[in-house]
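Colleague: I would like to learn how to read a model such as this one, feature by feature. Please give the general idea each time, then the case at hand.

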Amino acid sequence: MNEFFQTLKTQRWDDHRYYHHSRINQSLHLISALSFLVSYGLVFVNPAWAALLAWCVSMTTRQAGHFFFEPRGYDHVNQATDEYKEEIKVGYNIRRKIILLAVWVALPAVLWVFPSLGGLIEPAADTRGFIEDVGMAWFCLGVTGLVFRVVQLWITQNLMQGLAWGFKIITDPFHDVLLYWKSPLYLLRGQLIDPMEHVGSSQAH
């Protein structure tokens, strides 16, 4: 159990120090985390609408932060190139995210053309039904994406890395609120990039 929590701690620390330098990205992660927490509550009431909220608000704000605001040049804080960081990323790097998001965008079109998915589901009778079918498809995509990467890490690295990453993803909304709740305040003060002084001091030790 100690190994699990140490692996989780390392993954969280590396995720923060390598991939969350932008205060805008951090602030968007805060919005995303709060939205995910609402989705977590909604999943027990209506999984389809929980998935719609998670993908349309939580995921779009989170990924927009990475794609549009996170610096992609040389990381002087960690003395690492962007290529290196993408190569060692435990979770979904930019290339994997593009594939995942492409499937996300394609699913509504697939349901529009094949409403019953070849007889797997009851075709939607109205617009609301179609939207809820899309929500359930996105819910399945989220679960599949999580399980797929856990198994992939198990095969390519070890089971501990996979389980720790899966647990990290599920609990990230709680952790991100604690980690980034001050980020909008820094933005209001005009600080666009986190100086990451805590990273430098930890490496010095």
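Modeller: Start with what a helix is here: a DSSP run of H or I with at least four residues, numbered from the N terminus. By that rule, Leu-153 lies in helix α6. Keep in mind that this is a predicted model.

Colleague: How many helices and strands does the protein have?

Modeller: The count is 9 helices and 0 strands. Read along the sequence, the pattern is α-α-α-α-α-α-α-α-α.

Colleague: What does the radius of gyration say about the overall form?

Modeller: The value is compared with what a compact globule of that chain length would have. For 205 residues that is near 17 Å, and the protein has 19 Å, which agrees. Along the principal axes, the C-alpha atoms fill a box of roughly 60 × 40 × 30 Å.

Colleague: And how do I read burial and contacts?

Modeller: A residue is buried when its relative accessible area is under 20%, and exposed when over 50%. In this protein, buried residues make up 40% of the 205. For contacts, look at the separation in sequence: of those with a separation of 6 or more, 76% join residues 24 or more positions apart. The exposed surface is about 11,800 Å², with 69% of it supplied by carbon and sulfur atoms.

Colleague: Where are the mean positions of the positive and negative charges relative to one another?

Modeller: They are 5 Å apart, taken over 16 positive and 17 negative charges.

Colleague: Which residues does the UniProt annotation "transmembrane region" cover?

Modeller: The unreviewed UniProt entry gives residues 30–57, 98–115 and 135–155. Such annotations may be inferred rather than shown by experiment, and the coordinates can be set beside them. Over residues 30–57 the chain is 86% helix and 0% strand, with the end C-alpha atoms 12 Å apart. Over residues 98–115 the chain is 89% helix and 0% strand, and there the end C-alpha atoms are 25 Å apart.

Colleague: Now single residues. What is the phi of Gln-79, and where is its place?

Modeller: Gln-79 has a positive phi of about 50°, although it is not a glycine. Gln-79 sits in the loop between α3 (47–69) and α4 (82–88). Its relative accessibility is 65%, so Gln-79 counts as exposed.

Colleague: Is Leu-117 buried, partly exposed or exposed?

Modeller: Leu-117 is partly exposed, because its relative accessible area of 33% falls between the two cut-offs. Leu-117 also has a positive phi of about 50° without being a glycine, and is found in the loop between α5 (94–113) and α6 (127–156).

Colleague: What does Leu-111 touch, leaving out residues up to four places away in sequence?

Modeller: Leu-111 touches Leu-117, Ile-121, Phe-130, Asp-133, Val-134 and Ala-137. Leu-111 belongs to helix α5 and is buried, with a relative accessible area of 3%. Trp-138 is 27 residues away from Leu-111 in sequence and 11 Å away in space, C-alpha to C-alpha.

Colleague: Back to Leu-153, then: is Leu-153 buried or exposed?

Modeller: Leu-153 is buried, at a relative accessible area of 0%. Beyond residues up to four places away in sequence, Leu-153 touches Val-90, Asn-158, Gln-161, Gly-162 and Trp-165. For Trp-165, 12 residues along the chain from Leu-153, the C-alpha separation is 8.6 Å.

Note on methods. Residues are numbered from 1 along each chain as its sequence is written. This is a predicted model: local features need pLDDT of at least 70, side-chain atom pairs count only at pLDDT 80 or more; totals for chains, interfaces and linings use all residues. Side-chain values use heavy atoms; hydrogens and water are left out. Helices (H or I, at least four residues) and strands (E, at least two) are DSSP runs, numbered from the N terminus. The radius of gyration is taken over C-alpha atoms; the globule rule is 2.2 Å times the number of residues to the power 0.38. Buried means under 20% relative accessible area, exposed over 50%, partly exposed in between (1.4 Å probe, protein chains only). Contact means heavy atoms within 4.5 Å. Accessible areas come from the Shrake-Rupley method with a 1.4 Å probe; for residues, only the protein chains shown count as cover. Lys and Arg count as positive and Asp and Glu as negative; His and the chain ends are not counted. The place of a charge is taken as NZ of Lys, CZ of Arg, CG of Asp or CD of Glu.
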